[in-house]
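This report introduces a single structure to a reader who has not met it before. Please keep the sequence and the model in view while reading.

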Amino acid sequence: MRPPWAARDPLLREYYDTEWGMPVHEESGLFERLVLEGFQSGLSWVTILRKRPAFREAFAGFSPDAVAGFGATDIARLMDDARIVRNRRKIDAAVANARAVVALRAEGGLGELIWSYQPERTPEPRTMAEVPSRSPESEALAKDLKRRGFSFVGPVTVFALMEAIGVVDTHLVDSHRRGSSGIWTGEVAP
């Protein structure tokens, strides 16, 4: 049983069935998802997925070090790239977020920070109406990220990130994907 957002398009089905909710700890993978969740704000996820190969190319494979070094010429190049979402505020946020990721390494890194907000329990939705769009943990993490210089990281965007990388499991209880991350096999986080 897939949620409606994952059932209407083959690309979304593939993403839901193979990637969404699976644990991500690697810095570049976390940075990619953080940036893409920010770009998704106000748009459909399928739009972002269709553009993901172009985003990966345009943003140097989501290498935080490379993106942190982007300057005015790179910003102009990105604004001219019709293959990606050309929103100046979101592009500026991606560059600022890369710089914040690099700075965060001195304190354990992006993965350590994000995963430190894993709740003791994950939601157990039986219907789509029961799937939350934010949580106390996503609110706290969003605040912490903003304090560290990140932007486009509101509590709803951060909760979507937490879902996408397995920090929480919001697959419906009846879904074939429920518990597939190996993190949430019971009611309490390991």
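The sections below describe a predicted model, beginning with a pair of helices and moving on to individual residues.

## The crossing of α9 and α10

Helix α9 covers residues 136–147 and helix α10 covers residues 155–164. Their axes come within 8 Å and cross at roughly 110°. Angles from 65 to 115 degrees count as roughly perpendicular, and α9 and α10 are therefore roughly perpendicular to each other. On the α9 side, the contact is formed by Glu-137, Ser-138, Glu-139, Leu-141, Ala-142 and Leu-145. On the α10 side, Pro-155, Val-158, Phe-159 and Met-162 take part. Sorted by class, this contact comprises seven nonpolar, one polar and two charged residues.

## Ser-138 within the crossing

Ser-138 belongs to helix α9 and is one of the residues that make the contact with α10. Is Ser-138 buried or exposed? Its relative accessible area is 0%, so Ser-138 counts as buried. Apart from residues up to four places away in sequence, Ser-138 touches Pro-155, Val-158, Phe-159 and Met-162. These four residues are also the ones that α10 brings to the contact with α9. A polar atom of the Ser-138 side chain lies 3.0 Å from the backbone nitrogen of Ser-135.

## Tyr-117 beside the helices

Tyr-117 is located in the loop between α8 (110–115) and α9. With a relative accessible area of 19%, Tyr-117 is buried, the cut-off for that class being under 20%. Residues up to four places away in sequence aside, Tyr-117 touches Glu-137, Ala-140, Leu-141, Asp-144, Met-162 and Val-167. Among them, Glu-137, Leu-141 and Met-162 also appear in the contact between α9 and α10.

The side chains of Tyr-117 and Asp-144 make a polar contact at 2.7 Å. Tyr-117 and Val-167 are 50 residues apart in sequence, and their C-alpha atoms are 7.9 Å apart in space.

## The nonpolar core

In soluble globular proteins, nonpolar side chains tend to be buried together. In this model, the largest nonpolar core contains 55 residues. Which members of this core touch the most other members? They are Phe-39, Phe-55, Phe-59 and Phe-150.

Phe-150 touches Leu-34, Asn-97, Ala-100, Val-101, Leu-104, Leu-110 and Leu-145, when residues up to four places away in sequence are not counted. Of these, Leu-145 also takes part in the contact of α9 with α10.

## Ala-98 in helix α7

Ala-98 sits in helix α7, which spans residues 88–104. Ala-98 is buried, with a relative accessible area of 0%. Neighbours within four places in sequence aside, Ala-98 is in contact with Phe-31, Pro-64, Val-67 and Ala-68. From C-alpha to C-alpha, Ala-98 and Val-35 are 9.0 Å apart, although 63 residues separate them in sequence.

## Positive phi angles in two loops

Which phi values are found at Ala-60 and Phe-152? Ala-60 has a phi near 50°, a positive value in a residue other than glycine. Ala-60 lies in the loop between α4 (45–58) and α5 (64–68). Its relative accessibility is 35%, so Ala-60 counts as partly exposed.

Phe-152, likewise not a glycine, has a positive phi of about 55°. Phe-152 is placed in the loop between α9 and α10. At 24% relative accessibility, Phe-152 counts as partly exposed.

## Two partly exposed serines

Ser-41 occupies a position in the loop between α3 (27–40) and α4. A relative accessibility of 33% makes Ser-41 partly exposed. Ser-41 and Val-153 are 112 residues apart in sequence, with their C-alpha atoms 9.8 Å apart in space.

Ser-180 is found in the segment after α10. Ser-180 is partly exposed, with a relative accessibility of 31%. Not counting residues up to four places away in sequence, Ser-180 touches Met-22 and His-171. Ser-180 and Arg-33 are 147 residues apart in sequence and 19 Å apart in space, from C-alpha to C-alpha.

How values were computed. Residues numbered from 1 in each chain as written. Predicted model: local features only at pLDDT ≥ 70, side-chain atom pairs only at ≥ 80, totals over all residues. Heavy atoms only, no water. Axes fitted to C-alpha atoms, helices over the stretch in contact; angles between N-to-C directions. Parallel < 35°, antiparallel > 145°, perpendicular 65-115°, else oblique. Contact = heavy atoms within 4.5 Å. Nonpolar A, V, L, I, M, F, W, Y, C, P; charged D, E, K, R; others polar. Core = buried A, V, L, I, M, F, W, Y, C linked by side-chain atoms within 4.5 Å. Buried < 20%, exposed > 50% of the residue type's maximum accessible area, 1.4 Å probe, protein only. Polar contact = N/O pair within 3.5 Å; in protein donor to acceptor, adjacent residues only side chain to side chain.
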